[in-house]
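I opened this entry to record which contacts and helix packings I looked up. My notes follow the order of inspection.

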Amino acid sequence: MGTSSGFIGMNNSVATSMIAGVAAGTITTSVEAGIYAYGAVMGACLIGGLWEGVLGFFIKPLRKFFPPVVTGTVVMAIGLSLLSVGINFFGGGNSNADFGSTANLLLGLFVLIIIICLKYFGKGFVSQTAILLGIIAGYVVATIMGLVLPTTGVTADGTEYTYSWVVQWSQVADASWFAVPKLFPVKLQFNISAILPMLIMFIVTAVETVGDTAGVTEGGLGREPTDRELSGAVICDGIGSTFASLFGVLPNTSFSQNVGLVGITKVVNRFAVACGAIFLVLCGLLPKVGAIVSIMPQSVLGGAAVMMFASIVVSGVNLITKEPLTGRNATIVAISLGLGYGIGAHSTALQYMPSFISNLFGESGIVPACLVAVILNLALPKDKEQLEP
């Protein structure tokens with residue numbers, strides 16, 4: 001789980017409308033209006049998290065809307081939406097001046113090759129931890145590169161910059177040893193204009209969680225998730241988001257990136273997952289530990305990401321083919337990905353739609369693909385072989 005980027009567009013719209021409305025009333029300074037708006041977002045997140053938790057208890061009667069062809073399509077959309085993210089990491093980050101440089105590409109390729117070799121030629125612990133060992137190897141190589149190669153470049157306009165593959169160990173030295181998050185950093189505000197759109201977004205993130213959970217069980221266990229597993233995942237998402245809002249943190253959701261990680265490592269042990277959660281807590285309480293993670297060159301992460309994200313697509317294919325790929329099912333998959341995912345992947349197609357619609361469907365292709373798949377699954381008549389007992 002982690003902070004969901006899917007809420008950013010909606011939160012920006014909510015905050016902007018809150019600032020405009022408040023500034024026109026009793027609060028006149030932009031700082032006070034901004035604090036009020038953030039408090040309204042946090043209040044809406046608290047209510048929205050509780051709302052998603054309630055939804056989790058009704059997953060079983062809703063399960064009929066998510067047969068393998070639908071959940072598989074959603075998982076495929078999740079994987080497809082992450083492919084460009086993985087390549088962005090692989091090239092060093094398109095916001096950096098040296099994006100796509102030879103050094104970044106070779107570093108990402110090195111990490112990818114190490115992971116493949118350890119995964120398929122190693123045994124036991126080495127094979128299962130191939131991604132972690134590959135990333136550590138990337139850290140080592142990037143550090144050596146920083147010692148023997150130039151670490152800065154100059155843009156066309158004469159601005160000097162540091163290459164994105166450079167490991168900034170100075171940030172670790174500058175980080176403090178201990179920090180405690182502040183409870184209620186802003187006063188919670190409960191504004192219906194902020195709460196209503198947030199409730200819709202939490203339905204959306206619940207759908208994504210269903211797809212992620214299906215991807216994890218398929219990739220790690222080779223089966224569909226049970227009703228209890230789906231219910232628990234959605235409830236956990238909601239409770240986590242509510243708890244996060246108390247600390248001024250945006251909503252949490254299941255991370256699709258982890259679906260690919262499980263698909264590669266096959267590690268679904270809850271103790272292992274809990275250890276990962278404890279490590280994240282330590283990163284928050286011990287900034288020096290967090291800094292070691294945050295200084296990871298994007299190309300190092302990209303070497304692992306391209307493999308993990310693509311494996312999510314494969315998990316989606318496996319889910320879809322749990323049932324015969326009849327003409328009906330093929331049509332559902334094709335139209336859902338072509339129209340639903342296509343619109344989400346090119347959000348400019350919705351630029352003349354109301355901001356509420358563009359924020360809801362334009363952030364990724366996952367939500368529109370799921371919506372189209374559910375509608376087509378209900379509307380299209382079943383093939384004869386599907387009707388036979």
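I looked up the contacts of Gly 215 in this predicted model. Leaving aside neighbours within four places in sequence, I found Gly 215 in contact with Val 75, Val 259, Ser 315 and Leu 319. I noted that Gly 215 lies in helix α9, residues 192-221. I then checked its accessibility: Gly 215 has a relative accessible area of 0%, so I entered it as buried, the cut-off being under 20%. I also took one C-alpha separation: Gly 215 and Ile 312 are 97 residues apart along the chain, and 6.9 Å separates their C-alpha atoms.

Next I turned to Ile 47, which is placed in helix α2, residues 30-56. Its relative accessible area is 29%, and I recorded Ile 47 as partly exposed. Not counting residues up to four places away in sequence, Ile 47 touches Phe 190, Ile 195 and Leu 199. For Ile 47 and Phe 202, 155 residues apart along the chain, I entered a C-alpha separation of 9.9 Å.

Last, I examined a helix pair. I recorded that the axes of α5 (residues 102-121) and α14 (residues 298-320) come within 7 Å and cross at roughly 50 degrees. I therefore classed α5 as oblique to α14. The crossing of α5 and α14 is right-handed. On the α5 side I listed the contact residues, among them Leu 107, Val 111 and Ile 115; those they meet in α14 include Val 300, Ala 304 and Met 307. I sorted the residues of this contact of α5 with α14 into ten nonpolar, four polar and no charged.

Terms used. Residues numbered from 1 in each chain as written. Predicted model: local features only at pLDDT ≥ 70, side-chain atom pairs only at ≥ 80, totals over all residues. Heavy atoms only, no water. Axes fitted to C-alpha atoms, helices over the stretch in contact; angles between N-to-C directions. Helix = DSSP H or I, 4+ residues; strand = E, 2+ residues; numbered from the N terminus. Parallel < 35°, antiparallel > 145°, perpendicular 65-115°, else oblique. Left-handed = near helix turned anticlockwise from the far one by under 90°. Contact = heavy atoms within 4.5 Å. Nonpolar A, V, L, I, M, F, W, Y, C, P; charged D, E, K, R; others polar. Buried < 20%, exposed > 50% of the residue type's maximum accessible area, 1.4 Å probe, protein only.
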